[in-house]
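Please look through the sequence and the fold shown here before reading on. The report is written for someone who is meeting a structure of this kind early in their studies.

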Amino acid sequence: MVEHIVLIKFSQKTTSEQKEELIRKTLLLKEIIPGILDIQQGINFSNRSQGYEVGLTVRFKDRASLENYGPHPAHQEIVSYLKEIGLEDSIIVDFDIK
């Protein structure tokens with residue numbers, strides 16, 4: 001299995017409603033993209049966030065599933081939406097789960 005972690009920082013113009021819509025859209029990917037075993041996303045409440053407001057974890061069946069996820073049209077729609085609402089920065093970490 002593979003764990004995919006994303007931390008997202010937005011511009012100040014991004015609204016709470018847009019962040020909630022992002023989460024709603026992202027959670028639907030489990031039903032659309034093959035190989036996703038689990039997906040979780042939420043608003044960060046930590047005061048140690050360094051400005052990263054939304055966290056995402058996706059657990060994939062294997063590395064091939066992760067590789068298919070990136071270019072998948074449903075994932076690319078999320079990426080476009082992120083840019084549209086004011087994505088400022090992101091940190092991505094992928095690792096094998098043993």
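What follows describes the sheet, then the core, and then a few individual residues.

**The sheet**

The coordinates belong to a predicted model, and every description here should be read with that in mind. Four strands form an open sheet in the order β2-β3-β1-β4, and their pairing is antiparallel. At the edges stand β2 and β4, each of which has a single partner strand, so one side of each is left without a neighbour in the sheet. From one strand to the next, the twist averages 10°.

The pairings can be followed strand by strand. Strand β1, residues 2-10, is joined by seven bridges to β3, residues 54-60, and the two run antiparallel. Strand β1 also pairs with β4, residues 87-96, in the antiparallel sense, here over nine bridges. Between β2 and β3 there are seven bridges, and these strands likewise run antiparallel. Of the nine residues of β1, seven are buried, so this strand is largely enclosed by the rest of the structure.

Some of the residues that stand opposite each other across the sheet are set out in this table.

| Residue | Opposite residue | Strand of the opposite residue |
|---|---|---|
| His-4 | Val-58 | β3 |
| Ile-5 | Thr-57 | β3 |
| Val-6 | Leu-56 | β3 |
| Ile-8 | Ser-90 | β4 |
| Asp-38 | Arg-59 | β3 |

In β3 the side chains alternate along the strand: Val-54, Leu-56, Val-58 and Phe-60 point to one face and are buried, whereas Gly-55, Thr-57 and Arg-59 point to the other face and are not buried. Helix α1, residues 16-27, lies across β1, β2 and β3, and its direction makes an angle of about 175° with β2.

**The core**

Which residues touch the most other members of the largest nonpolar core? In this core of 20 residues, they are Leu-29, Ile-36 and Tyr-69. Two or more residues are given to the core by each of β1, β2 (36-43), β3, α3 (63-69) and α4 (73-85). The largest share comes from α4, which supplies five residues.

Tyr-69 deserves a second look. With a relative accessible area of 3%, Tyr-69 is buried. When its neighbours within four places in sequence are left aside, Tyr-69 is in contact with His-4, Leu-29, Ile-33, Ile-36, Leu-56, Val-58, Phe-60 and His-75. Phe-60, one of these contacts, has 0% relative accessibility and therefore counts as buried.

A pair of aromatic rings is described by the distance of the centres and the angle of the planes. The structure holds one aromatic pair. In it, the ring centres of Phe-60 and Tyr-69 are 5.0 Å apart and the ring planes stand at 65°, so the pair is edge-to-face.

**A charged residue in the sheet**

Is Glu-3, whose place is in strand β1, buried or exposed? At 9% relative accessibility, Glu-3 counts as buried, because the cut-off for that word is under 20% relative accessible area. The side chain of Glu-3 is joined to that of Arg-59 by a polar contact of 2.6 Å.

Apart from neighbours within four places in sequence, the residues in contact with Glu-3 are Thr-57, Val-58, Arg-59, Val-93, Asp-94, Phe-95 and Ile-97. Glu-3 and Asp-94 are 91 residues apart in sequence, yet their C-alpha atoms are 5.6 Å apart in space.

Definitions and conventions. Residues are numbered from 1 along each chain as its sequence is written. This is a predicted model: local features need pLDDT of at least 70, side-chain atom pairs count only at pLDDT 80 or more; totals for chains, interfaces and linings use all residues. Side-chain values use heavy atoms; hydrogens and water are left out. Buried means under 20% relative accessible area, exposed over 50%, partly exposed in between (1.4 Å probe, protein chains only). Two strands pair if DSSP finds at least two bridges between them. A nonpolar core is a set of buried Ala, Val, Leu, Ile, Met, Phe, Trp, Tyr and Cys residues joined through side-chain atoms within 4.5 Å. Contact means heavy atoms within 4.5 Å. A polar contact is a pair of N or O atoms within 3.5 Å; within protein, one must be able to donate a hydrogen and the other to accept it, and residues adjacent in sequence count only if both atoms are side-chain atoms. Axes are lines fitted to C-alpha atoms, for helices over the stretch in contact, and angles run from 0 to 180 degrees between N-to-C directions. Rings of Phe, Tyr and Trp (its six-membered ring) pair if their centres lie within 6.5 Å; planes under 30 degrees apart count as stacked, over 60 as edge-to-face and the rest as tilted.
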